[in-house]
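Hello,

Here is the structure I promised to pass on to you. Have a look at it first, and then read on for what turned up in it.

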Amino acid sequence: MKHPLVALCCAAICCSCTSVDDDRIPAAPVRIEFPTVGTWNTYGVAGALDHRSFIKSQRIPAGFPYSEASATGFGGVLLVGSYDNTPLAYDLACPVEAKQDVRIAVDAEHATAYCHVCTSTYDIFRTGAPLSGPAADKGYALTRYRVANSSSALSYMIITR
């Protein structure tokens, strides 16, 4: 009788779903508009594996036409072109550290992002899921934002979930 119970517990553990927590970063407004195709072509992502950071308080990227309504989340916004050319956006703040000034950086050679403080790595070109380090151990994914088509079919805006 003891063995079937042990087998049942092992099966439940092995088959249980794993989930990630993508809600570790404090909620902060996000609004980055690309009002024209030209603005998107200059400041957006050109295709798969392209990336760009947006931090309004530091005027990154230089020359981007931020407005009064613009907001770049808690730690800034990372805009990437996914493997299938779909634009994705994440908060730049590392979810393990959860500090505005501890931001992930892109490792283009490995097609990932990493935190220089906790050493976690993330799959930024698919889901923002943790790949290694404390983020993977704890199931902390990057906070993802919505990228929506604006009024023009060829321009976008990034907004809070």
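Let me begin with a question: at 10% relative accessibility, does D123 count as buried or exposed? D123 counts as buried at that value. Please keep in mind throughout that this is a predicted model.

D123 also has a partner, so to speak: D123 forms a salt bridge with R126, and the closest N and O atoms are 3.8 Å apart. R126 itself is exposed, with a relative accessible area of 52%. The pair therefore joins a buried residue, D123, to an exposed one, R126. As background, side chains of opposite charge can pair when their charged atoms come close.

The count of salt bridges comes to 2. Besides the one just described, R31 and E33 meet through their side chains, at 2.9 Å from N to O. Here R31 is partly exposed, with a relative accessible area of 32%, and E33 counts as partly exposed at 32%.

Now for the overall picture. The chain has 161 residues, of which 42% are buried. It contains 3 helices and 11 strands, and along the sequence they follow the pattern α-β-α-β-β-β-β-β-β-β-β-α-β-β. Taking the contacts between residues at least 6 apart in sequence, 51% join residues at least 24 apart. The chain exposes about 8,800 Å², and carbon and sulfur atoms supply 55% of that area.

Next, the cysteines. A disulfide is a covalent bond between the sulfur atoms of two cysteines. How many disulfides does the structure hold? The number is 0. C94 is in no disulfide, and the nearest cysteine sulfur to it, that of C115, is 3.6 Å away. C118 is in no disulfide either; for C118 the nearest cysteine sulfur is that of C94, 3.6 Å away. Since a disulfide needs the two sulfur atoms within 2.5 Å, a distance of 3.6 Å does not qualify. C94 is buried, with a relative accessible area of 0%, and C118 is buried too, with 9%.

The aromatic residues are worth a look as well. There are 7 aromatic pairs by count. One of them is F34 with W40: their ring centres are 4.9 Å apart and their planes stand at 80 degrees, so the pair is edge-to-face. Both of these residues are buried. F34 and W40 also belong to one aromatic cluster, together with Y43, F54, F64 and Y66. Elsewhere, a charge meets a ring: the charged end of R24 sits over the ring of Y140, 4.0 Å from its centre.

Finally, you might like to find P87 in the viewer. P87 is found in strand β5, which covers residues 87-91, and P87 is buried, with a relative accessible area of 14%. Which residues is P87 in contact with, leaving aside its neighbours within four places in sequence? They are W40, V45, L79, V80, V147 and Y156. W40 is thus a link back to the aromatic cluster, where it sits with F34 and others. P87 and D50 are 37 residues apart in sequence, while their C-alpha atoms are 9.3 Å apart in space.

I hope this helps you find your way around.

Best wishes

Note on methods
Residues numbered from 1 in each chain as written. Predicted model: local features only at pLDDT ≥ 70, side-chain atom pairs only at ≥ 80, totals over all residues. Heavy atoms only, no water. Helix = DSSP H or I, 4+ residues; strand = E, 2+ residues; numbered from the N terminus. Buried < 20%, exposed > 50% of the residue type's maximum accessible area, 1.4 Å probe, protein only. Contact = heavy atoms within 4.5 Å. Areas by Shrake-Rupley, 256 points an atom, 1.4 Å probe, with all protein chains shown as cover. Phe/Tyr/Trp six-rings, centres within 6.5 Å; stacked < 30°, edge-to-face > 60°. Lys NZ or Arg CZ within 6 Å of the ring centre and 35° of its normal. Salt bridge = Lys/Arg side-chain N within 4 Å of Asp/Glu carboxyl O.
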